[in-house]
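Reader: I should like to examine the terms applied to this model and the grounds for each of them. Please set every value against its definition.

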Amino acid sequence: MNATLIASLRAQCGGPRDGALLRFSLGNALLGTGDAAAAAEELRRAVAFDPGYSAAWKLLGKACLAMDDRDGATAAWRQGIEAAQQRGDKQAEKEMAVFLRRLEKP
């Protein structure tokens, strides 16, 4: 199922429907298959389309962490918190703050 979904989403990339939501969906699907590197690449494209997309920042942090890129995860979540604050997305802001605290614990 995921392979079919990923292929379908990739087919739409570069077309008229390409954008933050498409790249977020593709990144989410890729992360679900365990391909964190490809997921991170697509999620970076999602936030390039829409830097205020807090859900994409949150998932990018998770993808970075899955690749053991703690600095990348920290940076993504910090940017995501800023984006969430600007949009008034309190839930995403709280979640990413929790992720950061856990990551920064010794």
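Reader: Why does Ser54 count as buried or exposed, whichever it is?

Author: Ser54 counts as buried because its relative accessibility is 7%, and buried means under 20% relative accessible area, exposed over 50% and partly exposed in between (1.4 Å probe, protein chains only). The model is predicted, and local features need pLDDT of at least 70, side-chain atom pairs count only at pLDDT 80 or more, and totals for chains, interfaces and linings use all residues. Residues are numbered from 1 along each chain as its sequence is written, and side-chain values use heavy atoms, with hydrogens and water left out.

Reader: Where does Ser54 lie, and with which residues is Ser54 in contact, leaving aside neighbours within four places in sequence?

Author: Ser54 lies in helix α4; helices (H or I, at least four residues) and strands (E, at least two) are DSSP runs, numbered from the N terminus. Leaving aside neighbours within four places in sequence, Ser54 is in contact with Gly80, Ala84, Asp89, Ala92 and Met96, where contact means heavy atoms within 4.5 Å.

Reader: What makes α4 roughly parallel to α6?

Author: Two packed helices are described by the angle between their axes and the distance between the axes. For α4 and α6 the angle is about 20° and the axes are 10 Å apart. Axes are lines fitted to C-alpha atoms, for helices over the stretch in contact, and angles run from 0 to 180 degrees between N-to-C directions. Angles under 35 degrees count as roughly parallel, over 145 as roughly antiparallel, 65 to 115 as roughly perpendicular and the rest as oblique. The angle therefore makes α4 roughly parallel to α6.

Reader: Which residues of α4 and α6 meet, and how do they divide?

Author: From α4 come Ser54, Trp57, Lys58, Lys62 and Leu65, which meet Ala92, Glu95, Met96, Phe99 and Leu103 of α6. These residues divide into six nonpolar, one polar and three charged. Ala, Val, Leu, Ile, Met, Phe, Trp, Tyr, Cys and Pro count as nonpolar, Asp, Glu, Lys and Arg as charged, and the others, Gly among them, as polar.

Reader: What is the relation of α2 to α4, and which hand has their crossing?

Author: The helices α2 and α4 pack at an angle of about 25°, with their axes 11 Å apart. That angle makes α2 roughly parallel to α4. Their crossing is left-handed; a crossing is left-handed if the near helix is turned anticlockwise from the far one by less than a right angle, and right-handed if clockwise. Phe24, Asn28 and Leu31 of α2 meet Ala55, Ala56, Leu59, Lys62 and Ala63 of α4. Here the division is six nonpolar, one polar and one charged.

Reader: Why is α2 called roughly parallel or roughly antiparallel to α3, whichever applies?

Author: The axes of α2 and α3 come within 8 Å and cross at roughly 165°. That makes α2 roughly antiparallel to α3. The contact involves Ala20, Arg23, Phe24, Leu26, Gly27, Leu30 and Leu31 of α2, together with Ala36, Ala38, Ala39, Glu42, Leu43, Arg45, Ala46 and Phe49 of α3. Its residues divide into 11 nonpolar, one polar and three charged.

Reader: What makes a set of residues a nonpolar core, and how many residues has the largest one?

Author: A nonpolar core is a set of buried Ala, Val, Leu, Ile, Met, Phe, Trp, Tyr and Cys residues joined through side-chain atoms within 4.5 Å. The largest has 32 residues, and Phe24, Trp57, Leu60, Trp77 and Met96 have the most contacts inside it. Two or more residues each come from α1 (2-12), α2 (20-32), α3 (36-49), α4 (54-66), α5 (70-87) and α6 (90-104). Apart from neighbours within four places in sequence, Trp57 is in contact with Val47, Pro51, Ala76, Trp77, Gln79, Gly80, Ala83 and Met96.

Reader: How do you know whether Arg44 counts as buried, exposed or partly exposed?

Author: The relative accessibility of Arg44 is 42%, so Arg44 counts as partly exposed. Arg44 is placed in helix α3 and touches Leu60, Cys64 and Asp69, not counting residues up to four places away in sequence.

Reader: Why is Asp68 counted as it is for exposure, and what is notable about its phi?

Author: Asp68 counts as exposed because its relative accessibility is 62%. Asp68 is found in the loop between α4 and α5. Most residues other than glycine have a negative phi. Asp68, although not a glycine, has a positive phi of about 65°.
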